[in-house]
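Hi everyone, thanks for coming. Let me put the sequence and the model up on the screen, and then I'll walk you through the fold.

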Amino acid sequence: MIINTTFVVGSDISEKWQKWLKTVFATSASEAGMDGLLVMEVLDAQSEAENSNTYAVQLRGCDNDALHWQQSVLPALLRKMYVIWGEKAVSFTTIMQELEL
């Protein structure tokens, strides 16, 4: 399974948020059995106009690890993120499964 969390982060906190992603988010993901961290900036003119940056963060894990991450670990991390930055950092999560064609 792939868990994709898209973040919209205010430009004024982007550098600090990236540090949080690297130290807190990535460490928690690794400890939860998730791997293959992939962080991408979404290139979108709309997010630039709103003085924000959009990032897609993907993690891979077996079904049990992915469900544990999505149901237990991730919500706690996102609550902590909200306490730190409020509406300056918001997110939504998508669960995906790779198809073999």
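How many of the nine residues of E1 are buried? Eight of the nine are, so E1 is largely enclosed by the rest of the structure. By buried I mean under 20% relative accessible area, with exposed being over 50% and partly exposed in between, using a 1.4 Å probe and protein chains only.

A little housekeeping before we go on. This is a predicted model, where local features need pLDDT of at least 70 and side-chain atom pairs count only at pLDDT 80 or more, while totals for chains, interfaces and linings use all residues. Residues are numbered from 1 along each chain as its sequence is written, and side-chain values use heavy atoms, leaving out hydrogens and water.

As for pLDDT, that is the predictor's confidence in each residue, from 0 to 100. The protein chain has a mean of 90, and 95% of its residues reach 70 or more. Among its elements, H1 has the highest mean, 95, and helix H2, residues 45–49, has the lowest, 57. Element names come from DSSP runs, numbered from the N terminus: helices are H or I with at least four residues, strands are E with at least two.

Now the sheet. Four strands form an open sheet in the order E2-E3-E1-E4, and the pairing is antiparallel; two strands pair if DSSP finds at least two bridges between them. Strand E2 (35–42) and strand E4 (89–96) stand at the edges with a single partner strand each, so each has one side without a neighbour in the sheet. From one strand to the next, the twist averages 20°.

Strand E1, residues 2–10, is joined to strand E3, residues 52–60, by nine bridges. Within that pairing, Val-8 has Thr-54 as its bridge partner, and Gly-10 has Ser-52. Helix H1, residues 14–31, packs on the sheet and touches E1, E2, E3 and E4, with its direction at about 10° to that of E3. Helix H3, residues 63–85, also packs on the sheet, touching E1, E3 and E4, and its direction makes about 170° with that of E4. Contact here means heavy atoms within 4.5 Å, and axes are lines fitted to C-alpha atoms, for helices over the stretch in contact, with angles from 0 to 180 degrees between N-to-C directions.

Over to the pairing of E1 with E4, which is antiparallel and has eight bridges. Please find Thr-5 in strand E1. Thr-5 is buried, at 1% relative accessible area, and its bridge partner in E4 is Thr-93. The side chains of Thr-5 and Thr-93 also share a polar contact of 3.1 Å. A polar contact is a pair of N or O atoms within 3.5 Å; within protein, one must be able to donate a hydrogen and the other to accept it, and residues adjacent in sequence count only if both atoms are side-chain atoms.

Which residues touch the most other members of the largest nonpolar core? They are Phe-7, Trp-17, Phe-25, Trp-69 and Met-81, in a core of 23 residues. Such a core is a set of buried Ala, Val, Leu, Ile, Met, Phe, Trp, Tyr and Cys residues joined through side-chain atoms within 4.5 Å. E1, H1, E3 and H3 each give two or more residues, and H3 gives the most, eight.

Last stop: Glu-98, in the segment after E4. Glu-98 is exposed at 56% relative accessibility, and its side chain makes a polar contact of 3.5 Å with that of Arg-60.
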